[in-house]
Structure formats: C-alpha cells, structure tokens
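User: Could you take a close look at a single strand and its surroundings, and then connect that part to the rest of the structure? I am in my first year, so please go step by step.

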Amino acid sequence: MWESLNLKDVVALARDPYPSIRQWARDTGKKVVGSTIADVPEEVIYAFDLLPVTILGTHKPLKKAPSHLPDNACSLARSNLELALSYEGDLFSGFVLPQVCDTTQHLSDIWRINFPDKFVTSYLAPRQADRPSARYWVKEEIERLIDSLGGWLGKKLDSGALANSIALHNENKTILKEFYEIKRNFPGAITNKQFFAMMKVSQQVDKAEFNKSLKAIKDGLKMKKGKNYTDVVMVGITCDPPEIFDIFDDLRVNIVGDTLVTGTRYLQGAPALNGDAIDALADRHFKRGFFSPIHDNVYKNFEEVKKLYKETKAKAVIYVHIEFCESQEYDLPDLKDMIKKEGIPMHVLDTEYQTTSLSHVLTRAQAFFESLKGGSL
Amino acid sequence: MNDKLTSKQLSKKITDEYMEDAFHAHDNNKLVGYTTAISPVEIFVAHDIVPIYPENHAVANLTAKKGVELCSVVEGMGYTSHLCAYARSDLGYRKTGVTVTRGIPDPDLFLACNAQCFTLTKWFQVLARRGDLPVFVFDTPEHILDQKARKEIVKYCVLQLKELISFLEKVTKRKFDYDRLKEVMKYSAASSILYKKFLDMAQYKPSPISIFDALIGMAIAVYRRGTQECVDYYQTLCNEIQAKVDQGIGVLPKDQEKYRLYWENLPVWFKFSDHAKLLGSYGGVILTSLYVHAWSFEFDLNKDPLETLAENYVNRFSNSTIEDRADMAMDLFKKYSMNGMIMFMNRSCKAVSFAVPTLKEVLTKRTGIPALVFESDMGDQRFYAESQVRTRIEAYFETLDRLGLAQKTAAA
C-alpha cells in the first residue's frame with residue numbers, strides 16, 4: 001500500500017494519513033498503536049507486529065477536546081485529543097503516551113479515562129538528561145513498555161524481531177538523512193513541503209513498505225540547484241499546518257537544518273545493531289538533540305542552534321512557536337536574546353494547530369526575508 | 001518561652017528569624033537554595049542550606065494585588081500572559097524590585113521538583129541563566145496506577161536523591177551528614193502529623209477552621225519543615241483550635257453552617273478574604289482542598305530516609321493520576337462531611353487545572369453533588385471577572401438550596 005508512492009502521494013498522505021492507515025489495518029489485520037511526541041521507542045511497538053503511528057494533530061474542528069482541556073492548553077495536545085475522541089479513535093487498538101510536561105501528564109490521564117476498553121500506557125520520559133539516573137530510568141521505561149505490550153498481547157518480545165525492527169527504522173532514517181543532504185545542496189530537487197511530508201509519513205506508516213517508496217523517489221530525483229534560495233535553520237518542536245512549508249517554498253526559503261522533534265531530532269542517534277537492543281535504544285535517548293521539556297542544561301538549545309547555523313551556513317533562524325507551549329514560552333525570550341547577541345537573524349513564527357488562516361504568517365515572513373536580503377525577494 | 005506565644009505570634013517569630021537567617025546566610029557560611037514548595041527540602045535543611053521559596057514571596061505580592069503591575073513588566077520582556085502568575089510576578093520583582101515584603105535573598109543554587117509542576121523547573125531555569133547558577137531537577141514521574149511501576153519510580157527517585165546529595169557536597173564542598181538527615185526527618189514527620197491533625201479539625205461541626213485558616217496555617221509547614229520550631233508551631237496551633245472545638249466555636253455558628261465546601265485548586269490569592277465573606281453570607285464554609293493537604297506527609301522513620309522521602313514526594317496530589325486525585329478528594333468529602341464543591345480553573349496553574357474538568361465529572365458523579373466551576377487566575381486580576389464570579393456563586397447556592405442539600409453530607 002505504501003510501497004510505490006510518488007512525492008505527490010506522500011504530500012497528500014501527510015495531509016491526512018488516516019484513511020490509508022485504516023485501509024492498511026483492514027488489509028493486514030494488524031493492530032495500530034498511537035503515540036504522541038516525543039521519544040516513544042517505536043521500534044519496540046513495531047517489533048510486536050503492531051503499527052506505531054505518531055499522532056500529530058488533526059485539521060478537523062475541535063468539538064470534544066475543549067471540554068477536557070481549556071483553551072490555554074497547548075494546541076497540539078488539544079488537537080491530538082480531538083483526533084482520538086472525535087475522528088480516529090476507533091482506528092487505534094492502543095496508545096503509548098509519553099509524559100514530558102504538565103500538559104502531556106494530564107493528557108495521558110484524560111486519554112486513559114476516555115478509552116477504558118483500549119490499551120493505554122504512559123511512557124514516563126525522564127525530565128532530566130544529564131545524570132546517570134536518567135539513563136537508568138530510560139532503560140526501565142523501555143523494559144516496562146515491553147512488559148506492558150507483552151501483557152496486553154499475551155506474548156513475549158522476540159529479540160530477533162526487535163533487532164529487525166531497529167534495522168528497518170535505522171534504514172528509514174538513513175534514507176531521510178540522504179534526502180536532507182540532497183535538499184541542502186539541491187533545493188530545486190525537493191521542496192520543504194515534500195521533505196517534511198516524507199518525515200511525517202515515516203512516523204505514521206509501515207516503514208517496510210514506505211522505505212521502498214522513499215528509495216524509488218530518491219533514485220528518480222532530478223538534482224536541480226535552483227536559484228535565489230535563502231538557506232535557513234528551523235528551530236522548535238513541530239511545525240504545523242503544512243501550508244507553512246508552502247509559504248517558505250513560495251518565498252524560495254530552503255530549510256537546511258532543524259531541531260524539530262518531528263524533524264532532525266527524530267533522525268538522531270540511530271541505535272547500534274551490534275549489542276544489547278534495549279541498551280542501544282536507551283543510548284539513543286541521549287544522542288538526540290535539545291528538547292526543552294527534558295533538558296535542564298539551559299544553554300544547550302542555544303549552543304545547538306548556533307552550531308547548526310554555522311555548519312549549514314544558513315542565513316537566518318526560524319523559530320516555530322506553538323501557541324500555549326509553556327516550555328517554549330519560558331525559553332524563548334532568553335533564546336532570542338542569545339541569538340540576537342550572536343548576530344544571527346531570527347524570525348519567530350507563531351502558530352497553532354487548527355489554524356486555518358496563515359495570512360499573518362505570510363506577511364511577517366515576507367517582511368523578514370525582504371529585510372534579510374536588504375530588499376525585495 | 002514559646003509556650004507563652006500564640007500561634008500567630010509564633011508564626012511571626014519563626015518567619016522573622018528564618019528570613020533574617022536567609023538574608024545573612026553568606027555571613028554565616030551558608031548558601032541560599034531556591035526550591036519548590038513541594039520538594040525534599042529535608043535534604044537542604046540537613047545540609048544547612050537555607051531554603052527559599054519564590055512562590056511564597058509571589059503569594060505575598062499577589063495577595064497584595066501587585067499582580068498586574070509586576071506581570072505587565074514581564075510581558076514587556078517577551079513572556080506571555082498565560083504563564084504562571086507566580087513566575088511572572090517573580091520575574092517582575094527581579095526587574096523592578098517592587099515587593100510588599102523586604103524581598104528575598106538571591107539564590108546560590110536551585111532545586112526544582114516536578115512533583116509540583118513543570119512550570120517551576122522552567123521558571124528556575126530562567127533565573128539560573130541570569131546568574132549562571134546550578135539547577136538540580138528532581139524528576140518525579142507521575143505516580144501512575146501500576147504498582148510495579150511505582151516501586152521502580154521510587155528507586156529512580158532514591159537514585160536522584162543520592163545524586164542531589166553529591167551535587168550539594170560538590171557545591172558546598174562539605175560532606176553530607178546522614179545522621180543529621182535522620183534527625184531532620186524526625187521533625188518533619190512529627191510536624192506533618194500535627195499539620196494534618198490541624199487540617200482534619202475541619203471535620204468538626206461547626207468547623208473551627210476554614211480553608212483560609214488552613215492557607216495561613218500551612219506556611220510554616222512549607223518553609224520550616226524539618227525543624228523543632230515547626231513542630232512547636234503546629235502543636236500550639238492544634239491546641240488553640242482544639243480549644244475552639246471544646247467551646248463549640250466555629251467559623252460560622254453551628255446553626256448558620258449550611259454548606260461545608262470542597263475547593264479544588266490553589267486560592268485566588270487577591271480575593272482571599274472577599275471569598276470567605278461572600279461564602280459565609282450564604283452559610284458556606286470552604287473546609288479543605290487537596291492543595292492544603294499537599295504538605296501532610298506520612299514519613300516512615302523505620303525506612304531509609306531517602307526511600308521515605310522519595311515515596312512521599314512522588315505521591316503528592318499534583319503528581320497523582322486523576323483517578324487517584326478523585327479518590328483523595330472523595331476521602332476528604334467523607335471525612336469532612338462536605339456537601340458542595342467549588343472547582344477553580346486557574347489559568348496560572350496548568351499542573352492542577354488541566355485535571356479539573358475530568359475531576360469535576362468524576363466527583364459530581366460519585367458524590368451526587370453539583371459543582372460550581374469558574375475560570376480565573378490565582379494572581380493576575382485581569383483574568384478575574386468580579387460580577388461573573390459573584391453571580392455564579394449566588395446561583396450555585398440557589399441550586400444547592402433548591403436541591404435541599406443544606407447540611408446533607410456527601411454520598412459514598
């Protein structure tokens with residue numbers, strides 16, 4: 001089903017993957033397990049012959065979520081809850097919900113109470129990452145996840161299946177990194193929207209099939225340099241709606257690096273295949289980049305952004321702020337100051353899941369890039 | 001000498017001495033550690049680090065209606081208006097120096113325990129960046145329902161407490177004294193028992209205390225637990241309240257106490273006394289909340305101190321599942337014979353408030369009592385609609401009257 005997709009198909013799939021996932025589940029008879037961001041080891045879920053799907057909001061209207069989470073809750077959390085409560089809940093046999101902040105902690109409880117007949121478990125990511133206890137805890141949580149899934153399904157995890165799952169996921173990430181490299185050097189070959197659609201779909205469909213599509217797409221790409229592109233680094237957690245990438249594409253802005261949880265951070269720290277698989281998955285947690293809720297090293301974000309900016313020779317930093325993300329909102333004023341002091345041009349893009357009008361984003365982005373170039377684009 | 005002082009006088013004396021000690025900490029070769037109100041401060045006390053709670057200072061300013069002035073300054077610095085009013089007013093204080101107290105001493109280090117909330121961790125990180133100071137995050141995963149997982153969570157927390165001790169030894173260049181910790185734990189355990197006894201006196205009819213007394217009374221438990229004076233204070237307070245009970249003195253006279261109410265969330269600090277008067281005029285007394293019980297620890301002195309600390313700090317209401325929070329609230333409903341509930345959706349406190357809609361559903365179903373839900377902010381007056389809140393309170397009591405719930409107690 002996902003073996004022979006072209007780029008256009010991938011973009012359409014990224015927009016609304018659920019009809020396709022639903023069809024796939026019917027065809028294969030396999031169960032679908034949803035997770036929210038971040039850091040759930042999807043390899044473990046896949047190794048149990050389940051389809052792990054990262055839930056990244058819905059563009060359909062909010063109906064039920066507001067009665068559970070007020071309007072000052074993170075829009076991604078409300079959107080995810082709405083997706084499960086109103087639109088796609090029946091597709092999922094279970095959920096593995098990571099807790100990384102106050103909102104996600106409550107979201108897990110609300111989710112569990114609203115789906116009493118489904119498998120719902122929390123993944124309690126450590127909210128500190130620089131001490132030995134964090135590593136101990138990540139491993140404990142991975143083992144607990146394995147036990148929980150095993151208990152639900154009535155079977156033990158096959159170590160060979162886990163190794164194969166890790167290999168398959170690593171392969172997916174390797175291909176996506178290759179795409180990123182092409183995108184950096186040949187912005188005319190692949191648009192921002194197409195690239196981030198591939199990233200998103202990779203987190204939502206069976207990689208055994210999708211990797212084949214990715215390889216074929218890569219082989220068929222025409223390496224076009226394109227002209228007048230402005231290279232930027234995108235910083236944040238997620239970027240939605242996907243039409244934001246259309247704006248960047250229209251302005252000939254090329255994202256050459258990012259720190260998104262649904263972007264580069266997803267690709268970082270491929271688990272090694274030549275040792276204990278659980279240790280390798282635990283190690284991966286600490287090889288990933290900055291994620292505001294779990295890192296207490298307050299300068300790590302800035303150092304990473306600066307490094308990425310320099311390495312990619314980008315012209316500016318675009319910070320994607322999700323409305324009501326408390327974690328970002330405490331970090332942002334100081335991060336802005338640090339970036340400004342470094343002389344790096346920075347544009348803050350305020351967005352919200354369920355946003356329908358992007359005219360303000362377009363106007364502000366146009367103004368920023370015009371000023372960056374010292375004139376009209 | 002303390003025997004002669006009233007609890008109010010004793011509270012003032014303890015607080016004055018504590019702040020004096022804090023302001024002269026460096027003169028006495030001590031460090032000042034900022035920490036969260038729910039954190040294993042016993043470790044600080046045992047290591048002679050003076051704990052300072054920016055939340056308490058924020059409460060003083062917010063109660064004195066300084067919220068708008070201080071928060072506005074911070075919003076001008078790029079922080080959004082929907083962040084915690086404690087954090088915003090504190091950052092405003094740092095910027096302007098405006099305070100209704102003498103202020104608080106600057107920190108040398110931070111201990112953020114996320115059993116209370118994640119906001120404090122982020123707030124402390126902002127403060128730490130200003131002085132390039134060390135922050136220790138005591139990470140307490142949610143006290144989930146899985147019993148096996150709970151044991152693992154405690155192990156993880158014990159590991160972190162050992163890391164905290166190493167961190168403090170490194171910062172202070174002094175060896176940690178475990179015997180001293182055992183002594184501190186004895187005081188903490190004793191004062192917690194007395195504090196809980198004080199809160200539980202709201203069981204009496206008429207209740208000798210309201211939640212407003214509890215909110216004032218809890219201060220010493222927050223910032224002086226782990227000391228002999230804290231034990232003395234609660235003993236004095238319990239004796240005083242018991243004397244009221246013996247004389248049948250209630251917040252309202254017995255024949256006027258119609259509604260014994262549960263409050264969910266922190267208070268609206270700047271409306272503290274107004275709410276007490278308004279509710280009282282309808283025969284309502286708010287008796288308790290899970291919030292004031294957050295410092296009712298049950299330390300087991302027969303266990304390793306680090307283990308009992310981990311167990312107690314991880315299972316606070318603010319770190320519990322909504323199911324457990326509902327059970328905790330139900331226990332209070334039964335124990336205190338409550339017949340009404342006010343559920344406050346506090347824009348400042350996401351950690352507590354995002355559970356409120358679900359909790360309200362569960363509690364109204366289990367008690368058969370309707371709930372009054374209102375949204376506002378604990379410290380930022382711009383989010384408080386006076387007439388709307390007043391109207392809702394009036395309508396709520398009318399509903400309770402119509403349902404004939406006066407002086408009825410909650411169903412099981």
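**A strand and its neighbours**

Analyst: In this predicted model, B:W263 stands opposite B:I342 in strand β7 of chain B. That pair is a good place to begin, since B:W263 belongs to strand β5 of chain B, and B:W263, together with B:Y259 and B:L261, points one way from this strand, while B:R260, B:Y262 and B:E264 point the other way. Residues on both sides are buried, and the strand, which covers residues 259-264, is accordingly described as mostly covered, with six of its six residues buried.

Which strands pair with β5(B)? One of them is β7(B), residues 340-346, which runs parallel to β5(B) and is joined to it by four bridges. Another is β6(B), residues 284-288, which also pairs with β5(B) in the parallel sense over four bridges, and here B:R260 has B:V285 as its bridge partner. In general, the strands of a sheet pair through backbone hydrogen bonds, and the pairing can be either parallel or antiparallel. Helix α12 of chain B, residues 272-281, completes this picture, for β5(B), α12(B) and β6(B) make a right-handed β-α-β unit.

A similar reading can be made of a strand in chain A. Strand β1 of chain A, residues 32-35, has both faces covered, with A:V32 and A:G34 buried on one side and A:V33 and A:S35 buried on the other. β1(A) pairs in the parallel sense with β2(A), residues 51-54, over four bridges, and the bridge partner of A:V32 in β2(A) is A:L51. Between these two strands the chain passes through helix α3 of chain A, residues 42-47, and this β-α-β crossover is right-handed. β1(A) also pairs in the parallel sense with β3(A), residues 94-98, over three bridges, where A:G34 stands opposite A:F95.

Returning to chain B, there is an open sheet of four strands in the order β2-β1-β3-β4, with parallel pairing. Its edge strands are β2(B), residues 50-52, and β4(B), each of which pairs on one side only, and the twist from one strand to the next averages 25°. Within this sheet, β1(B), residues 32-35, is joined to β2(B) by three bridges and the two run parallel, with B:G33 standing opposite B:P51.

Burial is not confined to strands. Helix α13 of chain B, residues 305-314, has nine of its 10 residues buried, so this helix is largely enclosed by the rest of the structure. Among the buried residues of α13(B) are B:P305, B:L306, B:Y313 and B:V314. The elements of chain B that cover them include α2 (41-46), β3 (109-113), α7 (147-172) and α8 (178-200).

Finally, how many residues of chain B are in contact with chain A? There are 38, and they touch 38 residues of chain A. On the side of chain B that touches chain A, α6 (119-131), β4 (135-138), α7, α15 (350-353) and α16 (356-367) each supply at least two residues, and the largest share, seven residues, comes from α6(B). Sorted by class, this side of chain B has 21 nonpolar, nine polar and eight charged residues. Two of the elements named earlier thus return here: β4(B), an edge strand of the four-stranded sheet, and α7(B), part of the cover over α13(B).

Terms used
Residues are numbered from 1 along each chain as its sequence is written. Chains are lettered from A and ligands numbered from 1 in the order in which they are written. This is a predicted model: local features need pLDDT of at least 70, side-chain atom pairs count only at pLDDT 80 or more; totals for chains, interfaces and linings use all residues. A residue is buried if 20 or more other C-beta atoms lie within 10 Å of its own, exposed if 12 or fewer, and partly exposed in between; C-beta atoms are placed from the backbone. Two strands pair if DSSP finds at least two bridges between them. A crossover is right-handed if, with the strands pointing away from the viewer, the path from the first strand over the helix to the second runs clockwise. Two residues are in contact if their C-beta atoms, placed from the backbone, lie within 7 Å. Ala, Val, Leu, Ile, Met, Phe, Trp, Tyr, Cys and Pro count as nonpolar, Asp, Glu, Lys and Arg as charged, and the others, Gly among them, as polar. Axes are lines fitted to C-alpha atoms, for helices over the stretch in contact, and angles run from 0 to 180 degrees between N-to-C directions.
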